[in-house]
Amino acid sequence: MHESKSGRGANGWAALLLALALGFGVAGCGPQGGQELQPSGSQNGASTAELMKQRGLSEADVTAALKTYTPTGVHDPYYIFASGGHSGQVIVIGLPSMRILKVIGVFTPEPWQGYGYGDQTEAVLGASDAENGVPLRWADVHHPALSEMAGDYDGKFLFVNDKANARLAVIDLEDFTTTQIVRSGLIKSDHGATFVTPNTEYVIETSQYAAPLGGTYVPIEQYNEKYRGATIMWKFDREKRRLVKEESIAIELPPYGQDLADAGKLASDGFYFVNSFNTERAWGGSSEGNPPLESGASQNDMDFLHVIDWKKAEQVAAAGKTEMISGMRVISLQTAIDEGILHLIPEPKSPHGVDVSPDGKDIVIAGKLDTHATVYTIEKIKAAIAAKKYAGKDDYGVPILPFEDTIRGQVEIGLGPLHTQYDDKGNAYTSIFLESAVAKWNLADLKLISKIPVHYNVGHLTTPEGDTVSPDGGYVVAMNKWAIDRFQDVGPLLPQNFQLIDTNSEPMQLLYDLPIPNGEPHYSQTIKADKVKAISVYTPVGTDPTTRSVSPNAVEAGKERVERRPDGVHVFMTAVRSHFVPDVIRVKEGDTVHIHLTNTEQAKDATHGFAIADFNVNVSIEPGEHSDITFVASKPGVYPLYCTEFCSALHLEMAGYLLVEPKS
Ligand code: RUQ
Ligand code: CUA
């Protein structure tokens, strides 16, 4: 194995733009791919040295293995919660073993969990069906955010966004299930989402592509006048475990391409920061004589960092200075300007990540078309706001704070820096997309320390507790968009590649490659495992996971029954190893069938599944869980039903029949 240098200097804008247009970094750098290791089957009894020799492993390989190997029964000290990208799901991974623990169904039906099949989870998944008119059953998940108290992850909830359809979801970390999906109706896409304020007072969702607010039609020629961005402060009610639209506040923004966001903490508590690109307000139309969107959007040397005073926004909304759009309180752009809620600061061309440092003093921006990380300080930003020291106003009258007066400095990082994470030693780690590398640099003196190549085209990074006021350090995981030669071929669509890096060693050491096979993960957050207090059974028996209280339809053992009611046949059923009671269901063709199913088990891992042929019936019932299933027995016939989890020695016998008698 060899490690080659990136072999690429600062080639100027032309090369940079070309590489960007191709969306393609320096493929081929780093250890050579495509080797096959010898299997170890014939090596029983070999010493470590002999095994290394036979399998062609270096000392570094063995060190890497020792740093990640986790014996059976031993648990990882961290959870990674990774976005599942356009799978619409969330992936849960143990760190440092990189073992995949769960894929949580969020915006997409997930058959193993029965998510999106039973009545309860169908209601969660279909929350915006009526408003949208078209049922949405996929999403583009980008940025998970763990709930926080005093700027520290508290292990209670996880929020994620759907960039494609501008939705947010709430996942309860007691049972790792999705309990709520919301949509404002105000914006059409989001990207600066989800980010939480230090006590999870609000979950931030900011639009990406400008559109008329509220979803009306306006010709695109009126882009400047009528198209708008918006940032939404979704109120989170911890008691109810829900985002509350009526108590949420939106702020109208100019029609720039608002990008990533981050909430201030400690020194910068009360503010949040949103990047933007396309402050040129290009809208495409390349076949109508306009420049294509990508070049139209890259004309200006600077775009705008949006500085938002959310505590002020809260006061302004409380004073009633809002208008209602799509059932949401909106602070108009003019009000946001008049009340000093919104300020802009120039930021280097087409930035992407904005990341607040653990002490809240620094705000680090990395620009895709700039080779630097730019470090702003909240102290200087606050001073400029207080002194009304403006470098001008944008076309909408938003005051612009001077660039030079708000920054502390810049660090030369490399080609195409994107996202920054922090450790416990005052270091920052920035992903470098075009160079396919991770840079380690010191936050205090803004000095580059070292770089490590990754494979390939890295997007976000995650460090343990990395977005909190006290990161743990030790590791960084690079979330790479391309795998190219890292794994054996599986056809043209290749997995994404999560690479685990040891940051305590210098130079940093690459430890492990984890292929992600179900969607492009963007961001992840990594939390100490002991902060997450997951339950193992639902108590009391009959609990509905979406409400976390006993379902009115819960069934007790011995009280199973079938009732004919005006709205159909109600089957009150229990599941316990290894039978369903009742196990024969008799209905008539055309009947609406309501199955109320309680798993009466209280043993850890004693899950049952419930499936019926032909009617798309499939749920998973965890110990103590109650689930309701509704379907129309639209065709006569004999339909086996059975348990889908191999729950016991008599699992195959955990079965029965649905008999649908013909009408006539
Ligand atoms: S953002 S890397 Cu949502 Cu960078 Cu994808
Ligand atoms: Cu219950 Cu198999």
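Hi everyone, this is a short tour of one structure, from its ligand shell through a sheet and some empty spaces to a few backbone oddities. Please keep in mind that we are looking at a predicted model.

Let's begin at ligand 1. Which residues are around ligand 1? They are His142, His143, His191, His352, His419, Gly459, His460, Lys481 and His522. Sorted by class, that shell holds 8 polar residues and 1 charged residue, with no nonpolar ones.

Now to a sheet. Here 4 strands make an open, antiparallel sheet, and their order is 18-19-20-23. Strand 18, residues 351–356, and strand 23, residues 407–412, are at the edges with a single partner strand each, so one side of each has no neighbour in the sheet. Going from one strand to the next, the twist averages 20°.

Inside that sheet, strand 19 (residues 362–367) and strand 20 (residues 372–377) run antiparallel and are joined by 5 bridges. If you want one pair to click on, take Asp362, whose bridge partner in strand 20 is Thr377. Helix 10, residues 378–386, packs on the sheet and touches strand 19, strand 20 and strand 23. The direction of helix 10 makes about 55° with that of strand 20.

Next, the empty spaces. How many cavities of 30 Å³ or more does a search of the whole structure find? There are 3. The largest cavity contains about 130 Å³ of space. It is lined by 15 residues, and the closest to its centre are Glu148, Val196, Asp262, Lys265 and Asp467. Strand 4 (145–149), strand 8 (190–196) and strand 12 (257–263) each contribute at least two residues to that lining. The lining of the largest cavity is a mixture: 6 nonpolar, 5 polar and 4 charged.

The second largest cavity has a volume of about 100 Å³. Its lining also counts 15 residues, with Phe195, Val354, Asp355, His460 and Tyr523 nearest the centre. You have met His460 already, among the residues around ligand 1. At least two lining residues come from each of strand 12, strand 18, strand 24 (417–422) and strand 28 (458–462). By class, the lining of this second cavity divides into 6 nonpolar, 6 polar and 3 charged.

Let's turn to an open space, the second largest pocket, which holds about 1300 Å³. This pocket has 44 lining residues, and Lys102, Asp175, Phe176, Ala534 and Ile535 lie nearest its centre. Several elements give two or more residues to the lining, including strand 1 (78–83), strand 2 (89–95), helix 4 (119–125) and strand 42 (626–632). Which strand gives the most to the lining of the pocket? That is strand 3, with 4 residues. The pocket lining has 17 nonpolar, 16 polar and 11 charged residues.

Finally, the backbone. Most residues other than glycine have a negative phi, and most peptide bonds are trans. With that in mind, here are three places to visit. From His455 to Tyr456 the peptide bond is cis, with omega near -10°, and Tyr456 sits in the loop between strand 27 (447–453) and strand 28. The bond from Thr539 to Pro540 is cis too, with omega near -10°. Pro540 belongs to the loop between strand 32 (524–528) and strand 33 (543–544). Then there is Ala150, which is not a glycine but has a positive phi of about 50°. You will find Ala150 in the loop between strand 4 and strand 5 (152–162).

That's the tour, thanks for listening!

Terms used. Residues numbered from 1 in each chain as written. Chains lettered and ligands numbered in written order. Predicted model: local features only at pLDDT ≥ 70, side-chain atom pairs only at ≥ 80, totals over all residues. Heavy atoms only, no water. Near = heavy atom within 4 Å. Nonpolar A, V, L, I, M, F, W, Y, C, P; charged D, E, K, R; others polar. Pairing = 2+ DSSP bridges. Axes fitted to C-alpha atoms, helices over the stretch in contact; angles between N-to-C directions. Contact = heavy atoms within 4.5 Å. 1 Å grid on protein atoms, 1.4 Å probe; cavity = no way out; pocket = protein on both sides within 12 Å on 5 of 7 lines; lining within 4 Å. Points joined across faces, edges and corners; volume = space filled by probe spheres on them.
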